[in-house]
Amino acid sequence: MTIMAITFGVVFLAELPDKTALAGLMLGTRYRASHVFAGVAAAFAVHVALAVAAGSVLTLLPHRLVQAFVGVLFLAGAAMLLLKKSDEDDEELKAPAGQSFWKVSGAGFMLILVAEFGDLTQIMTANLAARYDDPLSVGLGAVLALWAVAGLGILGGRTLLRYVPLRLITKVAAVLMLTLAAFSLYEALA
């Protein structure tokens, strides 16, 4: 349960300032939220399964080597968050022509599947799976976090950003990643 909670917190905070929440918000304002969420949730489940599988393969390597690798990747992730330009232009979303469940959920699925492949949270999920060697807890924590961010983006992204500055969310996520990097590197060297 602890590993699932840690994974949820780290992935949730890292995904909030990402373009996915904005994409979900844009699709959610145009189409039925349940249709959008179904496609987005399915895409995130695929991403988490791939990340956990990759992280589980890493557990076959020597523990110190894995911890050092994970620590360096967490440092890189924190640097990416801290150095990310806040005024990046997001790509325009093309809306599907109809309102049917399959068209809307398919558009959400494809958008997330393509946009999030190799994304920071997917790499973090693989790192956490390698670090904790508990793929089920890491997978559940990550997928629940991603679904929560998608739900927030679809249903209430504008409201959240009115009260919590995106810059603050990004900094909190970076601090969490730096902390995880420090723990991983300490374990690799100790």
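Contact here means heavy atoms within 4.5 Å, and with that cut-off Val36, leaving aside its neighbours within four places in sequence, is in contact with Gly24, Leu27, Gly28, Tyr31, Val104 and Ile154. The legends below describe close-up views of a predicted model.

**View 1. The protein chain as a whole is built from helices, with eight of them and zero strands.** Read from the N terminus, the order of elements is α-α-α-α-α-α-α-α. Of the 190 residues in the protein chain, 44% are buried, and the accessible surface comes to about 10,000 Å², with 70% of that area belonging to carbon and sulfur atoms. When contacts between residues at least 6 apart in sequence are considered, 93% of them join residues at least 24 apart.

**View 2. Val36, a residue of helix 3, is shown with the residues around its side chain and backbone.** Val36 counts as buried because its relative accessible area is 1%, which lies under the 20% limit for that term. Among its partners is Ile154, which lies 118 residues away along the chain, although the C-alpha atoms of the two residues are separated by 7.8 Å. Other residues touched by Val36, once those up to four places away in sequence are set aside, include Gly24, Leu27, Gly28, Tyr31 and Val104.

**View 3. The largest nonpolar core of the model holds 32 residues, and Val11, Val36 and Met124 are the members that touch the most others.** Two or more residues of this core come from each of helix 1 (2-15), helix 3 (33-58), helix 5 (101-115), helix 6, helix 7 (135-163) and helix 8 (166-189). The greatest contribution is that of helix 7, which gives eight residues.

**View 4. Helix 1 is centred here on Thr7, which is found in that helix.** With its 14 residues, helix 1 reaches 20 Å from its first C-alpha to its last, close to the 20 Å expected at 1.5 Å a residue. The buried residues of helix 1 are Ile3, Met4, Thr7, Val10, Val11, Phe12, Leu13, Ala14 and Glu15. Thr7 belongs to this buried set because its relative accessible area is 0%, and, residues up to four places away in sequence not being counted, Thr7 touches Phe12, Leu128, Val138, Gly141 and Ala142.

**View 5. Helix 6 (residues 120-132) is mostly covered, since eleven of its 13 residues are buried.** The end C-alpha atoms of helix 6 are 18 Å apart, which agrees with the 18 Å that its 13 residues should span at 1.5 Å a residue. Its buried residues include the nonpolar Leu120, Met124, Ala126, Leu128, Ala129 and Ala130, together with Thr121, Gln122, Thr125, Asn127 and Arg131. Just after helix 6, Asp133 takes a positive phi of about 50°.

**View 6. Confidence varies along the protein chain, from a mean of 66 in helix 2 (residues 19-30), the lowest, to 86 in helix 1, the highest.** The mean pLDDT of the protein chain is 76, and 75% of its residues reach 70 or more. Over residues 87-95 pLDDT stays under 50, and for this stretch the model has nine contacts beyond four places in sequence. Where pLDDT is low, the predicted coordinates should not be read in detail.

Terms used:
Residues numbered from 1 in each chain as written. Predicted model: local features only at pLDDT ≥ 70, side-chain atom pairs only at ≥ 80, totals over all residues. Heavy atoms only, no water. Helix = DSSP H or I, 4+ residues; strand = E, 2+ residues; numbered from the N terminus. Buried < 20%, exposed > 50% of the residue type's maximum accessible area, 1.4 Å probe, protein only. Areas by Shrake-Rupley, 256 points an atom, 1.4 Å probe, with all protein chains shown as cover. Expected span 1.5 Å × (residues − 1). Core = buried A, V, L, I, M, F, W, Y, C linked by side-chain atoms within 4.5 Å. pLDDT = per-residue confidence, 0-100.
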